Amino acid sequence: MPQSLDAVVVRTWCGLALDTLGRAREEIDAINVYPVADSDTGTNLYLTVESAAQAVEAVFSGHEAAGSAEGPSAAEAMRAMAHGALIGARGNSGTILAQLLRGMAQVVAAQGEGAHGGAPRTLSGGDLLRLALRRAADAGYQAVAHPVEGTVLTVATAAADAAGAAEGDCAVTARAAYDGAHTALAKTPGQLTVLKRAGVVDAGGQGLVAVLGALVEALSGQAPPKAVRQILGHARVERGERADDTVEATSAPPADCAPDAVPDGSGPAFEVIYLLEADDPAVDRLRDRLDTLGDSLVVVGGDGLWNVHVHVDDAGAAVEAGVEAGRPYRIRITHFGAQDAHSAGFTPRPRERAQRAVVAVVPGEGLAGLYAEAGATTVLARPGEPPASGELVDAIRRAHAREVVLLPNDGTLRHTAAAAAEQARTDGVRIALIPTRSAVQGIAALAVHEPDRRFDEDVVAMTSAAGATRYAELAVAERQSWTMAGICQAGDVLGLIDGDVAVIGADLPDTATTVLDRMLAAGGEMVTLVLGDGVPDAVAVRLEDHVREAHLAVDTVVYRGGRQSALLLIGVE
C-alpha cells in the first residue's frame, strides 16, 4: 500500500471519508448539541466532503480528457479537495473542516512550488503531513471568531500535536494523528458542560475523527479500530473501562474561550451561510461587523473566495454586510426554531404543494420517461456520473409535495440519498427513503404506489414490492478480473444477480437466458426486462419466448431504457 500522500491517495481518502461519514451520519446527527442542538452535524459534514470528493474527481477527469499520462499532482488534488469543501461547506463543523483542508493544501502546494517549477507527484516521508496537520489546526482557530475548547478545534489540535511527536512515514503519522484525535474526543465532555450534561462527545470532533480514520486507511490499507461510542452515558471504551472514566473534568474553560452553549430557544434565530467574493481588507471589516450581529462566526477561505457562517437574529443584516464587503451568493438562511430553509428574501412559494410525490433516480432516458408517465419526478444518472445529494434535494423541491417517497435505485447511493432526505426534512417535507438497489425494484415499487392511501401504508406497500423483486444486470467486462463466478476476460458478458457476478458468458442472449433460469428457479410471477441502447429487439423476443416455454404462468414486460450503463436489466417479482 502507498506510504506517501500522492494524488491517488487524496482521491482514495475522499472516497473513504465520504463512505465513513455516510455510515456515521445519523449517529453524529444524534449527538449534535453544540453550538445549536439542531441534529445536522453529520449531514453537514457529509455534504461538505461530498463536494470535496466531486472536485477531486473533476481534476482527475480533466487530466484524463486532456490525455495526460501522469495525472494530477498531490498539490492539485489537495487544492481541489480544499476548494470543493469550501464551496460546498455546510454548517459550523463543515465550514471549519473546509478550513482545515485548506491549511493542509497550502502546505502541500508550497512544497510543490519549491520543486523546480512543478509539484512532485508524491510527498516523501511524514514530515510534510506533520506540517500540514499543524497548519490545518492553526488555520481552524484563526477562522473562528471565538474559539471554544471541547470542539472540533480541540480535536484538530490534538491530532496535530500527536502527529508532530510521531516518527515515521505518512501512514505512521496519520495513525498517530488519528489516535491523538480519538483521545481528545473522549475528553470533550470535560471541557463543555453541555456535552457532559447530554452524555455525548462533540459531534464535529467525532466527524473529524472519522475523516482522519479514512486518511489512515487510504495510506495504510487498514482501517483503524472503531472509535469510542459517541453516547458516553451508555457506552464503554474498547479497553472495557466505563466511558465516563475517560472524561477528565476541568474546573473551567480557558479564559479566551466563549461560554457554554446557551439554553434552548435563547440563542440567535437564524443560521446564515453564503459564499463571498471579496478582498482581504473587506473580509476583515466583515468579520468585525458580523461579530456584533451574532455568534458562531466562522469565515474561511482566501484568495478572493470565502465561505461565511454566522448565527444571528437579523438575517437580513448579515446578508447586507456581505453585500457591503463584496459579492455574496449561494445564500442559505435556516431558521433554527422551525428548521425551515429559505433563500434570502423569504419569498413564498407561488403554488400549493401536492400531497405526495415519488422522486426516483433512473439510469436512462427511456426509464426516465417511463417513471415520469407514472407520475414520478426523476433524476437522471449517467454512466460514471452518479447524482450528488444536491441534485436529489433539487428534485425533491421540484416535486413540491408535503410527502415524498425517494427511490435511489442504486445501492451505492444509499448515503447520498439519506443525506438528501435529511436536507429535505429541513424544508418541512415528510420523506421516506426506500432502499431500492435497481431501477427494476423501483418499477415494482411504483406499480403499487397509491397516493390516496395513508403515507405509512403506501411506503410499506412500496417497500414490500421492491423487496420482493430480485434484480440482475448484464454488462461487458472491461478487463480481466476475478469474480464470484470465476475469472472473466475483457469482452466477456457478465450476469450479475443481486449485485454479484453469477454468470460469465460469450454473448448477451445466452448469458441472459442463464441468468433468467437461475432467478426463476426460486419462483416468480413477473419478469421485467429493460433493454439498453443498442440492444436489438430480437434479444427481448428470444427471452420472452424462453420464459413462456420454460416457465409456465410467468408474465414478461419489456421496456426500453435508452443510454445506460447496463446492457440489460432484469427484474423478477
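These exercises work through the sheets, hairpins, pocket and backbone details of one predicted model.

Residues are numbered from 1 along each chain as its sequence is written, and side-chain values use heavy atoms, with hydrogens and water left out. Because the model is predicted, local features need pLDDT of at least 70 and side-chain atom pairs count only at pLDDT 80 or more, while totals for chains, interfaces and linings use all residues.

**Exercise 1. Lay out the open sheet of six strands and find its edges.**

Step 1. Fix the terms. Strands (E, at least two residues) and helices (H or I, at least four) are DSSP runs, numbered from the N terminus. Two strands pair if DSSP finds at least two bridges between them.

Step 2. Read the order. It is β14-β13-β10-β17-β15-β16, and the pairing is mixed.

Step 3. Find the edges. β14 (500-505) and β16 (555-562) each have a single partner strand, so one side of each is left without a neighbour in the sheet.

Step 4. Add the twist. From one strand to the next it averages 20°. Axes are lines fitted to C-alpha atoms, for helices over the stretch in contact, and angles run from 0 to 180 degrees between N-to-C directions.

Step 5. Check one pairing. β15 (residues 526-532) and β17 (residues 568-572) run antiparallel and are joined by five bridges. V527 faces V572 of β17.

Step 6. Place the helix. α12 (residues 365-373) lies across β15, β16 and β17, at about 120° to β16. Contact here means heavy atoms within 4.5 Å.

**Exercise 2. Describe the open sheet of four strands.**

Step 1. Read the order. It is β7-β6-β8-β9, with parallel pairing.

Step 2. Find the edges. β7 (377-380) and β9 (430-433) each have a single partner strand, so each has one side without a neighbour in the sheet.

Step 3. Add the twist. The average is 20° from one strand to the next.

Step 4. Check one pairing. Four bridges join β6 to β7 in the parallel sense. V362 has L380 of β7 as its bridge partner.

**Exercise 3. Which residue takes a positive phi in the hairpin of β13 and β14, and which in the hairpin of β2 and β3?**

Step 1. Take β13 (residues 493-497) and β14. They run antiparallel, with five bridges. G495 is the bridge partner of V503 in β14.

Step 2. Look at the turn. Two residues lie between the strands, and D498 takes a positive phi near 50°.

Step 3. Take β2 (residues 294-302) and β3 (residues 305-312). They pair antiparallel over seven bridges. V300 stands opposite N307 in β3.

Step 4. Look at this turn. Two residues separate the strands, and D303 takes a positive phi near 55°.

**Exercise 4. Characterise the largest pocket.**

Step 1. Define it. On a 1 Å grid over the protein atoms alone, a pocket is an open set of points where a 1.4 Å probe fits, with protein on both sides within 12 Å along at least five of seven lines; lining residues have an atom within 4 Å of a point.

Step 2. Give the volume. It is about 1400 Å³. Grid points are joined across faces, edges and corners, and the volume is the space filled by probe spheres set on the points.

Step 3. List the lining. There are 45 residues, of which E385, P386, D410, T412 and L413 lie nearest the centre.

Step 4. Trace the elements. α1 (7-30), α2 (41-65), β6 (354-362), α14 (414-425) and β10 (470-476) each supply at least two residues. α2 gives the most, with seven.

Step 5. Sort the lining. It divides into 21 nonpolar, 13 polar and eleven charged residues. Ala, Val, Leu, Ile, Met, Phe, Trp, Tyr, Cys and Pro count as nonpolar, Asp, Glu, Lys and Arg as charged, and the others, Gly among them, as polar.

**Exercise 5. Locate the cis peptide bond at P35 and the positive phi of R330.**

Step 1. Recall the background. Most residues other than glycine have a negative phi, and most peptide bonds are trans.

Step 2. Find the bond. Y34 and P35 are joined by a cis peptide bond, with omega about 0°. P35 lies in the loop between α1 and α2.

Step 3. Find R330. Its phi is positive, about 50°, although R330 is not a glycine. R330 lies in strand β4 (residues 327-335).
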